[in-house]
Amino acid sequence: MNVTNTTLRTERGGNSLWKDAFRRLRRNPLVVLSFGVVVVFTLAAIYGSVVHWRYRILDAEMPARLQPVKQLAIRILRAESVRGQEPVYIRQDLDQRYQPPSRRHLMGTDGLGRDVFHRLVQGTRIAFQVGVITSLIAIPIGVILGCLAGYFGKRVDDVIVWLYSTFDCMPSLLFIIAIAMIARKGLMGVYLGIGLTSWVHLCRLMRGEVLKHRQLGYVQAARALGAGPFRILFIHILPNLMHLVIINFSIRFPAAVQTEVIMSFLGIGVQDEPSWGIMISNARLRLWEGIWWELGFTTLIILAVVLAFNLLGDALRDALDPRLRVTGDHD
Amino acid sequence: MRAYIWRRILYMIPMVFGIILVTFFLFNVAGGDPALMKLGKNATAQSLEQYDAQRGYDKPLFAGRWGRTRAWTEMEPDRHAGSWRLVKGVAWTNTGGGRVVLPGGQSYGVPMAFRPRPGTYRWIMEYRLVPADDGTLPSVEWVSGQARMLLPQATGWRSQAMVWQVVGDETGMISRLSVPAGTLEIRAMTLKRRNAHWLDSQLVFYLGQLARGDFGVSHDTNERISRMMLRGIGPSLMLTVPIFFVGLVVSISLALLCAFFRNTWLDRFFVLVSVVLMSVNYLVWIIFGQYFLGYRLRWFPVWGFESWRYLLLPVLIGVISGLGGSLRFYRTVMLDEMYRDYVRTAFAKGAGRGRVLFVHVLRNAMIPVMTNVVMSIPFLYTGSLLLERLFGIPGLGNMAYEGIMNSDVDVIRAVVFVGAVIYVFANLLTDISYAWVDPRVRLK
């Protein structure tokens with residue numbers, strides 16, 4: 001049985017939705033370029049997290065219950081405890097304040113003599129953290145609620161539709177900021193604020209699609225074979241809708257990054273880490289004095305990341321599900 | 001049609017109810033301690049109590065007989081002895097559950113933060129009596145104002161409640177424990193204030209406020225929030241209404257241009273431009289706009305709200321920053337219509353391109369356009385928080401921002417609530433206009 005299954009799959013291969021989409025995406029140079037940009041920034045974010053966590057684990061004054069973690073890390077990294085040796089993005093050098101870009105400081109230094117380039121790398125880490133973690137909050141909520149509403153209908157549907165319509169009414173930025181304020185300032189507030197408000201669009205989309213798929217032959221066949229509702233939903237229907245989740249992720253990621261920048265700029269988001277928003281806020285007034293590099297490079301990098309994600313998201317959407325072109329735009 | 005409108009209005013009730021619940025949950029249930037958030041850790045218990053009483057936070061959340069009072073700070077014997085550390089002779093152990101230990105042969109005043117205001121209170125104490133050296137259990141007397149009781153004697157942990165009336169001019173010690181021999185160990189002690197009615201809760205208080213159209217008083221300016229909002233709506237509208245109309249006209253004309261020249265370099269150029277415009281952060285528009293157009297070129301004033309000239313730059317920035325998204329949306333709408341049968345028919349019978357576009361397509365595209373237009377009405381109200389903030393325009397967005405920075409919970413709650421309700425009404429308006437334009441909707 002298993003053997004026939006695999007042979008069938010290899011014979012049929014080459015024309016699936018994913019392969020087809022991949023082929024179409026590869027042909028578009030703009031898409032390939034955006035993908036390259038996204039890869040570069042992802043690598044920068046990974047590098048940034050390694051630097052950041054290495055410092056946090058080896059240096060910070062850890063609470064007693066986390067000491068074993070520190071000891072383990074020291075043994076694995078074969079490193080000494082690096083107390084006092086700050087990484088480049090924190091290290092201040094007051095003799096090097098406001099240095100224009102040079103070979104030593106690729107993108108210049110800021111008002112405390114910290115290297116702008118390394119701070120931007122850390123900003124990339126924070127942006128990616130925000131994009132990923134808010135998605136990890138919002139996507140499960142949207143998918144599960146949308147599937148339940150679409151499949152079970154009746155009372156369940158009524159309640160879930162009511163819930164997401166209510167959330168949809170809330171004035172977006174203010175609502176996010178209010179949640180962040182309640183959750184205390186800092187990154188946690190940003191995650192919760194964006195994560196708990198941005199599931200509505202995906203939920204509505206999933207509900208509509210599940211509603212359609214429920215009528216299709218393969219679902220009826222599964223039901224006739226005695227599959228339970230959750231098995232049908234999450235093993236039969238959901239894999240057919242995964243492309244919607246991926247499209248949604250590619251749209252929400254740049255939006256979350258933009259919101260985080262605005263929140264941190266306003267002083268509601270990240271507090272003392274080099275978030276892009278904080279960097280803009282610090283550098284804003286210096287622009288008047290001709291110190292352009294911190295603000296210039298920060299805004300340029302935000303534009304590059306967001307633009308690459310937007311272009312990639314558009315292309316993914318066109319390749320995977322052209323019908324979404326109108327409805328997907330609005331949110 | 002009338003039946004449809006009525007049905008639609010009825011449908012609004014659960015929505016408004018949902019908004020009330022969400023705002024209530026956010027600020028009252030999840031919000032923790034607004035008084036502490038607002039007044040800070042160093043505030044006196046009395047001022048916290050005053051804040052609570054003024055805003056109904058001293059009531060139970062949904063329903064119940066007992067509400068909270070700050071006269072007695074909850075003790076956490078696991079971590080510290082709380083205010084018992086101020087009392088002479090009291091010891092504290094944190095091993096095995098943690099408890100405050102009152103050795104015998106003395107009388108102890110319960111260390112309260114302030115004298116409770118008149119009303120009925122209830123003490124609940126979880127205690128244990130440890131026998132004296134000669135093996136007799138102590139008979140502990142507990143006096144609170146007029147009420148006095150001997151604690152029931154038992155060796156294991158037990159819980160005891162005492163109800164206590166506070167009359168206006170009560171003097172002397174507020175609550176006192178006399179332990180003649182042995183030891184009294186206290187694991188937990190709470191004080192609750194009797195609520196006027198079991199339904200008199202925070203939720204009912206909030207509903208009552210909303211029913212009166214009263215959003216309370218701002219803690220910082222001591223001004224009615226409804227009045228502050230009325231004052232802020234003017235500047236907000238002065239900013240957002242021009243952005244709205246100019247943006248609409250510009251983006252629809254550009255969208256028509258794209259549809260007219262579809263699949264030429266012009267169309268592709270605008271598509272790319274709209275994605276780029278969408279990707280630029282709002283902040284960047286504002287900062288560079290102020291720097292280049294305001295400071296460098298001196299075309300516009302950089303900051304302030306003094307005459308109509310001060311509005312030019314924020315309006316321009318608002319239009320440009322919104323252009324990308326709306327241009328893309330309207331272009332898709334127009335192109336969607338371009339492939340319909342009636343367009344082919346119109347071309348076939350010899351209508352010119354311009355006529356087809358402006359007479360046939362534009363009219364049919366009005367439905368999605370109208371939805372988009374009506375649904376952006378709520379955004380006129382909060383205006384643009386960032387624009388108002390960075391240009392110093394004293395509108396609602398600025399007011400909400402200051403509320404957030406000062407942890408002024410009532411201000412934020414009012415702005416969020418009104419914004420959501422306006423959205424519900426805009427939704428109603430869209431649906432009614434839909435039904436008016438397209439009779440099929442009514443019958444569904």
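Tutor: Accessible areas here come from the Shrake-Rupley method with a 1.4 Å probe, and for residues only the protein chains shown count as cover. This is a predicted model, in which local features need pLDDT of at least 70 and side-chain atom pairs count only at pLDDT 80 or more, while totals for chains, interfaces and linings use all residues. Side-chain values use heavy atoms, with hydrogens and water left out; residues are numbered from 1 along each chain as its sequence is written, and chains are lettered from A and ligands numbered from 1 in the order in which they are written.

Student: Thanks! What share of the exposed area of chain B do carbon and sulfur atoms supply?

Tutor: Let's begin with the total, which is about 21,600 Å² for chain B. Carbon and sulfur atoms supply a share of 61%.

Student: And what is the accessible surface of chain A?

Tutor: In chain A, 63% of the accessible surface belongs to carbon and sulfur atoms. The whole surface of chain A comes to about 16,600 Å².

Student: How many strands does chain A have, next to its helices?

Tutor: Helices (H or I, at least four residues) and strands (E, at least two) are DSSP runs, numbered from the N terminus. Chain A has 14 helices, and from the N terminus on its elements read as one α after another. The strand count of chain A is zero.

Student: Is chain B spread out or compact by the globule rule, and what is its radius of gyration?

Tutor: Chain B has 16 helices and 10 strands. With the radius taken over C-alpha atoms and the rule being 2.2 Å times the number of residues to the power 0.38, the globule rule gives 22 Å for 444 residues. Chain B is well over that, so it is more spread out than a compact globule. Its C-alpha atoms fill a box of roughly 115 × 60 × 40 Å along the principal axes, and its radius of gyration is 33 Å.

Student: How far apart are the centres of the positive and negative side chains in chain B?

Tutor: Lys and Arg count as positive and Asp and Glu as negative, leaving out His and the chain ends, with each charge placed at NZ of Lys, CZ of Arg, CG of Asp or CD of Glu. Chain B has 47 positive and 29 negative side chains. The centres of the two sets are separated by 10 Å.

Student: Which residue in β10(B) stands opposite B:L102?

Tutor: Two strands pair if DSSP finds at least two bridges between them. Strand β3 (residues 99–103) of chain B pairs in the antiparallel sense with β2 (residues 91–93) over three bridges, and also with β10 (residues 183–194) over four bridges. On the β2(B) side, B:W92 has B:V100 as its bridge partner. On the β10(B) side, the residue opposite B:L102 is B:L184.

Student: Which residue is the bridge partner of B:W123 in β8(B)?

Tutor: Strand β5 (residues 119–130) of chain B pairs antiparallel with β10(B) over 10 bridges, where B:E126 stands opposite B:A188. Nine bridges join β5(B) to β8 (residues 158–166), again antiparallel. In β8(B), the partner of B:W123 is B:M162.

Student: Is B:S407 buried or exposed?

Tutor: Buried means under 20% relative accessible area, exposed over 50%, and partly exposed in between (1.4 Å probe, protein chains only). B:S407 sits in the loop between α14 (396–405) and α15 (409–437) of chain B, with a positive phi of about 55° although it is not a glycine. Most residues other than glycine have a negative phi. At 13% relative accessibility, B:S407 counts as buried.

Student: What relative accessible area does B:N222 have?

Tutor: B:N222 lies in the loop between α4 (202–211) and α5 (225–260) of chain B, and its phi is also positive, near 55°. B:N222 is exposed, with a relative accessible area of 62%.

Student: How far is B:R413 from B:L26 in space, C-alpha to C-alpha?

Tutor: B:R413 belongs to helix α15 of chain B and is buried at 6% relative accessibility. Contact means heavy atoms within 4.5 Å; not counting residues up to four places away in sequence, B:R413 touches several residues, including B:T23, B:F27 and B:Y206. B:L26 is 387 residues away in sequence, yet the C-alpha distance is 8.8 Å.
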